[in-house]
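Trainee: I'm new to reading folds, and sheets still confuse me. Could you take me through the sheets of this model, strand by strand?

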Amino acid sequence: MTSIVELAEDRKSRMWFTLVRIVAISLGLISTYPVTAYDGTCGSPAEVADLPARHWCEVPNSRLRSAEKRPQDYPDWNGSQSFQYESFQRVQGVFALVGSWNSAAFDSRRNRLLTFGGGHNDYGGNEIYAFDLRSLRWTRVSDPTAFPSRHPEFQNSDGTPVSRHTYGGLEYISHLDEMFVYDGAPDHGPGTCGVSGTWTFDLDAREQQGSYQPGQWNLRTSSGEPPGACDNTSAYDPVTERLFFYARDGWWAFEFASNQWIRVNTDGRTSEQVNVAIDPVARRLVAVGGGQFIAWDLTNVSLPRVSIGAGGSISGTDDPGVAFDLSTNQLIAWRGGTTVHALSPQSMSWSSIQADSGNSVNPGSVTASGGVFGRFRYSRDFNVFMYVDSVDKNVFLYRLSDGQPVNIPRPPTIVP
């Protein structure tokens, strides 16, 4: 669906922008919200479209807890408690789904941020939630398993995976329309790390059958030796349709057509507080965080390192959010506050970009345990970054540039 952001790139001419808005309204692309000056809130798609460059905004009434499966939603609710509900609450309840070492993936087909988490003794719920940029609201994509298994089991009796700390290991697989989950720290009191199973969640089957149906999880019977990790981090390459997984002992790739794990190299990470992302234009894999800044060449199957410049202050933070901005063709990293950090594809150095002087919103520090992981994501259709820090906080949006987002080009020939 074409967004109003794409239709109204030229914001210098109010007459032109108004005309485009009228056309967009007639086509049903946006609601009939009036044009409003920036006030720090994004309460409608039109206000998202109006967000100026280098500005943050807060989405009102956008707390994930509003979509939670509550005790009174269960059939055994007796007015004071629900046995099913209490069965997976553990210590923190749904708060831990975001707040305890957990990530998110971005569903680019529907412009939704997907969350799935829990783990250790914090939360045993294995449901999926989605924040939709089109409605600016959270919905529950699947229900939690009422009586989930605990480690050493990795699969529930209903065929779903157990909850876990996902760290940086959630990804949306666009060519399959599925969410990918591998490894992590499972639902287990003593703090066990590592859980078996390579899982994907079929979002298309979910949408066809409607919400609140039995989950469409798929346990992939994979071949090859899988990576051994726990506080994992991964990135999906939509160009080659491969999932890259950064483990302590090197890089791995998952081939979805053959359900196969492939060892790429032994260039393992030196820090557990690192996050990774892909530059789909320059064809590079980048790792940053925990004092580490490294880049690899995606045009070579062995992923050799490429020369890098200054790491900047962002490389010293733990698990920053990293996502690619298609309006500037740069990787953008963020770890709290109003300043973002951009990686120049030419010099391969990080630089800081401060918010505009007219910006009035500060998303604050990152309070979720561990860091940002994948909860900082970019939408091409809306040309904004989105971030969630807690189930009890609103979602924040950020626009870096008013430039027209580009399409991801097809890859060059891969060097054997």
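Mentor: Happy to! Let's begin with an open sheet built from four strands, which lie in the order β7-β8-β10-β11 and pair in the antiparallel sense. At its edges you will find β7, residues 170-173, and β11, residues 217-220, and each of these pairs on one side only. If you step from one strand to the next, the twist averages 25 degrees. Keep in mind as you look that this is a predicted model.

Now zoom in on one pairing within this sheet. Strand β8 covers residues 178-182 and strand β10 covers residues 198-202; the two run antiparallel and are joined by five bridges. To see one of those partnerships for yourself, find M179 and look across to β10, where its bridge partner is F201. As a general reminder, the strands of a sheet pair through backbone hydrogen bonds, in either a parallel or an antiparallel way.

With that picture in mind, try the three-strand sheet. This one is also open, its order is β16-β17-β18, and the pairing is antiparallel. Here the edge strands are β16, at residues 275-279, and β18, at residues 292-297, each pairing on one side only. Neighbouring strands in this sheet are turned against each other by 20 degrees on average, with direction ignored.

Let's finish with a pairing here too. Strand β17, made of residues 284-289, pairs with β18 over six bridges, again in the antiparallel sense. A handy place to look is V288, which stands opposite F293 in β18.

Key: Residues are numbered from 1 along each chain as its sequence is written. This is a predicted model: local features need pLDDT of at least 70, side-chain atom pairs count only at pLDDT 80 or more; totals for chains, interfaces and linings use all residues. Side-chain values use heavy atoms; hydrogens and water are left out. Two strands pair if DSSP finds at least two bridges between them. Axes are lines fitted to C-alpha atoms, for helices over the stretch in contact, and angles run from 0 to 180 degrees between N-to-C directions.
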